[in-house]
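Student: I would like a close look at one part of this protein. Take it slowly, and then link it to the rest.

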Amino acid sequence: MTIASAALLIVDDDEMNRQMLARRLTRQGFRVTTAQDGREALHMIRSRAFDLVLLDVMMPELSGLELLRIVRKTRSVTELPIIMTTALDGSQDIVDALEFGANDYVTKPFDFAVVLARIQAHLQIKRLAQPAAPAPGANGRGVAPGSVVAGKYRIDSLIGAGSTGTVYRATHVILGHQVAVKILRTTATTTPEQRARFQREGVAACRIKHPNAVAVIDFGVTPDGITYLVMELLEGHALVDTLTAAGPLTPDRCLEIALPVCAVLAEAHRLCIIHRDLKPANVFLHRTRQGEVVKVVDFGIAKMLDDATQAAAEHTTLVGHVLGTPAYMAPERLQNLPYDGRADVYSLGVMLYQMLAGRLPFEAPDNDPLKVALMQINDPPPPLRAWNPQVPTAVEAVILNALAKNPAHRLDAADFADAFTQVVRGPGRRAADLVRSALPHAKP
């Protein structure tokens, strides 16, 4: 990042303020994006990379202070500096903002020279705090904006990072298409098993052809050791962002999201592929001109049951290396017992419980993953209606079926979709038939 070309996000519900700052900062060489409210800004921050945010304190619906608290759960003060903007008499706003993790503040009406100086100072602090980036391609480690991967994909900006790799917004240099490129996170301690797992992600994702699964376009390893996966570029935000910002959802909204997820799972399970890390962070609400499309992403730890080599190599236990997120993981997986696609249905049940209740069924006071795992194995889930009495009893019953400790008592993905549709929208609505008929190469 160079200070002169840094990417800034201006968030203000006052159009005059937004446009004035945007024009003057653009003239200084900054790349400026604007948002008119907190919800729009949250979606942008989750889906795009910014170097600094100018954030208005007072906004309708999601205020600047609320947005600040949400962002600080995942982005540190050095990773994403946030400068609050407030009225001259907003002393309590300033105190609250600094307590919630703001880097600085400026007051209205703006003195542009002061605003510019504060921005430059915090960008300089951020630059000095960042470790030097490795040379692009060196030993397969590190890819920088402006570099070209595999001679085809120009890296434009960072989107996000996961357990197996880092995802960048990129452009196909010949076709001009924008894509997402995932680069394997390699270090001096990267093992052959980790490389093999990333390769399985590419193979598994390529096998799943479904409109509600993120499309995989390309996969390979460059001569200098960069392992990459090229996917369609999604616009929008992950389900986890919706839950963070909006809280509990209605049964109808849950059904809109759950049916496409069930369709993808049914197709994956038909191919003997299990996702193994289904959670709100891996369900993306993709914005298109035709409307929202639910996409399941990151089959990074998917297990192909017909891969005998992998099956022989994997022996994960609770005290060893568990692949997945304990808060969403089925009991049989945590106990190293045989499992199938119904383990994904359990994860979906946890998601739906969270979507309706506003909290997970199993939470430890200190967020200890081992305690959560033991609760998944031993404890019945608390009644969902205890957290949200508005949830119909029949809806609660179907979700608790998905959370059954014994996988034999759970429905498969297509039948769960059928049951959930009937309890939300009434008998006679056969979601399972719709899911099965939508599967590529589905058998009659």
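Look at R276: is this residue buried or exposed, and what is its relative accessible area?

Tutor: R276 is buried. Its relative accessible area is 5%, and the cut-off for buried is under 20%. Keep in mind that this is a predicted model.

Start with where the residue sits. R276 lies in the loop between β13 and β14, and β14 covers residues 283–288. Its backbone deserves a look too. Phi of R276 is positive, about 75 degrees, although the residue is not a glycine.

Now step back along the chain to C272. This residue has a positive phi as well, near 65 degrees, and it is not a glycine either. C272 belongs to the loop that runs from α8 (251–270) to β13 (273–274). Burial is another matter. C272 has a relative accessible area of 31%, so it counts as partly exposed. R276, at 5%, counts as buried.

The loop with C272 leads back to α8, so follow that helix next. Two packed helices are described by the angle between their axes and the distance between the axes. For α8 the partner to examine is α11, residues 342–357. Their axes come within 11 Å and cross at roughly 170 degrees. Angles over 145 degrees count as roughly antiparallel, and α8 and α11 are therefore roughly antiparallel to each other. By class, this contact has 11 nonpolar, 1 polar and 1 charged residues. On the α8 side the residues are P251, C254, I257, A258, V261, C262, L265 and H269. On the α11 side they are D344, L348, L352, M355 and L356.

Helix α11 has a further role in the packing. Together with α10 (331–334), α11 is included in what covers the buried residues of α12. Helix α12 spans residues 369–378. Its buried residues are V372, A373, M375, Q376 and I377.

Next, the sheets. One open sheet has 6 strands, in the order β6-β7-β8-β9-β11-β10, with antiparallel pairing. Its edge strands are β6 (148–149) and β10 (216–221), each pairing on one side only. Take the β6 edge. Strand β7 covers residues 153–161, and 2 bridges join it to β6 in the antiparallel sense. Within that pairing, V149 has Y153 of β7 as its bridge partner.

Y153 turns up again at the other edge strand. D218 sits in strand β10. Its side chain makes a polar contact of 2.8 Å with the side chain of Y153. A second polar contact, also given as 2.8 Å, joins the side chains of D218 and K152. Leaving out residues up to four places away in sequence, D218 touches K152, Y153, Y228, L229 and V230. Is D218 itself buried or exposed? It counts as buried, at 16% relative accessibility.

Another strand pair runs in the parallel sense: β4 (residues 82–87) and β5 pair over 5 bridges. T85 has V106 of β5 as its bridge partner. In a regular strand the side chains alternate between the two faces of the sheet. Strand β5 shows that pattern. D104, V106 and K108 point to one face and are buried. Y105 and T107 point to the other face and are not buried.

Just past K108 comes a backbone feature. The peptide bond from K108 to P109 is cis, with omega near -5 degrees. P109 is in the loop between β5 (104–108) and α5 (112–129).

Go back to the start of the chain for one more buried residue. A6 is in the segment before β1 (7–11). Its relative accessible area is 0%, so A6 counts as buried. A6 and V32 lie 26 residues apart in sequence, and their C-alpha atoms are 8.4 Å apart in space.

Finally, set R276 against the whole. The protein has 15 helices and 16 strands. Of its 444 residues, 51% are buried, and R276 is buried too. Among contacts with a separation of 6 or more, 61% come from residues 24 or more positions apart.

Methods:
Residues are numbered from 1 along each chain as its sequence is written. This is a predicted model: local features need pLDDT of at least 70, side-chain atom pairs count only at pLDDT 80 or more; totals for chains, interfaces and linings use all residues. Side-chain values use heavy atoms; hydrogens and water are left out. Two strands pair if DSSP finds at least two bridges between them. Helices (H or I, at least four residues) and strands (E, at least two) are DSSP runs, numbered from the N terminus. Buried means under 20% relative accessible area, exposed over 50%, partly exposed in between (1.4 Å probe, protein chains only). Axes are lines fitted to C-alpha atoms, for helices over the stretch in contact, and angles run from 0 to 180 degrees between N-to-C directions. Angles under 35 degrees count as roughly parallel, over 145 as roughly antiparallel, 65 to 115 as roughly perpendicular and the rest as oblique. Contact means heavy atoms within 4.5 Å. Ala, Val, Leu, Ile, Met, Phe, Trp, Tyr, Cys and Pro count as nonpolar, Asp, Glu, Lys and Arg as charged, and the others, Gly among them, as polar. A polar contact is a pair of N or O atoms within 3.5 Å; within protein, one must be able to donate a hydrogen and the other to accept it, and residues adjacent in sequence count only if both atoms are side-chain atoms.
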